[in-house]
Amino acid sequence: MSAVRAVLGLAILLGWMLLVPSRAAFGRRETWIALGLGVLFAGNVFLVFKAIEAVEVPIAILTYFVYPLLTGLAASGLERVTWRGAAAALAAFLGLALMIGAHPTTLAAVGILAALGAAVCRVAILLVTRGLLSRADPLRITWYSLLSSTVIFVVVALATRDWQPPATASGWLALIGLSAAVTTGLLGVFASTVRIGPFRTALFMNLEPLLTTIGSALFLAEVLTPLQTLGGAVMLAALVMFQLRR
């Protein structure tokens with residue numbers, strides 16, 4: 001799934017670049033950094049899908065969304081974290097612990113670890129983009145990142161020889177839609193990070209777990225328990241406070 005998504009996403013982005021060519025300068029240094037970001041992006045995508053495979057979608061995404069908090073803490077050496085920010089961070093971790101503790105399944109550990117690993121990859125992507133590519137063209141960043149991540153997915157797919165394509169037309173449509181959505185989202189993240197920074201970007205992206213939880217209930221019949229809902233609400237509220245008070 002990741003390999004097909006990557007190839008289709010690369011084709012979509014190439015078409016866009018041919019229609020709207022970029023005139024911004026993009027040197028060799030920026031190219032190598034963007035290619036390195038693609039390695040992190042490959043890990044990010046694979047681990048998110050792995051988490052969704054192991055646990056319910058709301059649990060996976062809410063756990064993954066500890067990354068805005070980790071982003072702020074990782075950059076605390078650049079910008080001072082206030083005591084209010086530290087308190088919000090503690091509350092977010094407590095909300096996450098409450099949500100995970102209310103989910104006693106044998107696969108939970110694998111899913112939670114995969115989601116946390118994906119969060120670490122996302123933190124690195126945001127910080128590197130802001131720190132080293134703040135003046136680079138987001139479209140070119142996206143292109144080179146997708147290029148290296150696509151190579152990784154295709155090589156691994158060929159090496160494992162475990163090709164299991166969708167069995168129906170609706171499955172292929174879903175896969176194509178997923179490719180377009182992920183490519184658009186990646187471009188938006190890079191563009192937003194360059195223009196308003198990683199922390200404000202992460203603040204707006206707090207809508208993602210909320211919409212994911214609602215969508216999971218409507219389309220997948222995956223509903224959180226009251227205790228899990230409480231933990232998720234505490235975590236999201238604390239994340240917003242952390243980003244506003246940091």
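**Entry 1: E30 and its partner**

I looked up E30 to begin with and found it partly exposed, with a relative accessible area of 22%. I am working on a predicted model, and I keep that in mind for every value noted here. The side chain of E30 meets that of R29 in a salt bridge, with 3.8 Å from N to O. That distance passes because the criterion asks for a Lys or Arg side-chain nitrogen within 4 Å of a carboxyl oxygen of Asp or Glu. R29 is partly exposed as well, at a relative accessible area of 47%. As background I wrote down that side chains of opposite charge can pair when their charged atoms come close.

**Entry 2: other salt bridges**

How many salt bridges does a search of the whole structure find? The search returned 2. Besides the pair already noted, I have E53 with K50, where the closest N and O atoms are 3.0 Å apart. Both E53 and K50 belong to helix 2, which covers residues 28-54, and they sit 3 residues apart, or about one turn of the helix. Is E53 buried or exposed? E53 is exposed, because its relative accessible area is 57% and the class begins over 50%. K50, by contrast, counts as partly exposed at 33% relative accessibility.

**Entry 3: A54 in helix 2**

Staying in helix 2, I turned to A54, which counts as buried at 17% relative accessibility. That assignment holds because buried is taken as under 20% relative accessible area. I then checked A54 against A108 and found their C-alpha atoms 6.6 Å apart in space, although their positions lie 54 residues apart in sequence.

**Entry 4: helix 3 against helix 6**

Two packed helices are described by the angle between their axes and the distance between the axes. For helix 3 (residues 57-64) and helix 6 (residues 108-132), I noted axes that come within 8 Å and cross at roughly 40°. The crossing of helix 3 past helix 6 is right-handed. Which residues meet there? From helix 3 I listed I59, A60, T63 and Y64, and from helix 6 I listed I112, A115, L116, A118, A119 and R122.

I also checked how covered helix 3 is, and 8 of its 8 residues turn out to be buried. These are V57, P58, I59, A60, I61, L62, T63 and Y64, so the four helix 3 residues of the contact list, I59, A60, T63 and Y64, are buried under the cut-off of 20% relative accessible area.

**Entry 5: A115 in helix 6**

I singled out A115, which is found in helix 6 and is buried, with a relative accessible area of 1%. Leaving aside neighbours within four places in sequence, A115 is in contact with L47, A51, A60, T63 and Y64. Of these, A60, T63 and Y64 appear on the helix 3 side of the contact list above. I also looked at A115 and Y67, whose C-alpha atoms are separated by 9.7 Å, with the two positions 48 residues apart along the chain.

**Entry 6: A6 in helix 1**

A6 is placed in helix 1, residues 2-19, and is buried, with a relative accessible area of 0%. Not counting residues up to four places away in sequence, I found A6 touching T150 and F153. The C-alpha distance from A6 to V45 is 9.9 Å, for a sequence separation of 39 residues.

**Entry 7: the nonpolar patch**

Which residues form a nonpolar patch on the surface? I recorded L207, L210, L211, I214, L218, F219 and L220, with about 780 Å² of accessible area together. One of them, I214, lies in helix 10, residues 207-220. I214 is partly exposed at a relative accessible area of 43%, so it clears the requirement of over 30% for membership in a patch.

**Entry 8: the chain as a whole**

I finished with totals for the protein chain, whose secondary structure comes to 11 helices and 0 strands. Buried residues make up 44% of its 246 residues. The chain exposes about 12700 Å², of which carbon and sulfur atoms supply 71%. Where contacts join residues at least 6 apart in sequence, 91% of them join residues at least 24 apart.

Key:
Residues numbered from 1 in each chain as written. Predicted model: local features only at pLDDT ≥ 70, side-chain atom pairs only at ≥ 80, totals over all residues. Heavy atoms only, no water. Patch = residues over 30% accessible without salt bridge, like charges linked within 9 Å, V, L, I, M, F, W, Y side chains within 5 Å. Areas by Shrake-Rupley, 256 points an atom, 1.4 Å probe, with all protein chains shown as cover. Helix = DSSP H or I, 4+ residues; strand = E, 2+ residues; numbered from the N terminus. Buried < 20%, exposed > 50% of the residue type's maximum accessible area, 1.4 Å probe, protein only. Contact = heavy atoms within 4.5 Å. Axes fitted to C-alpha atoms, helices over the stretch in contact; angles between N-to-C directions. Left-handed = near helix turned anticlockwise from the far one by under 90°.
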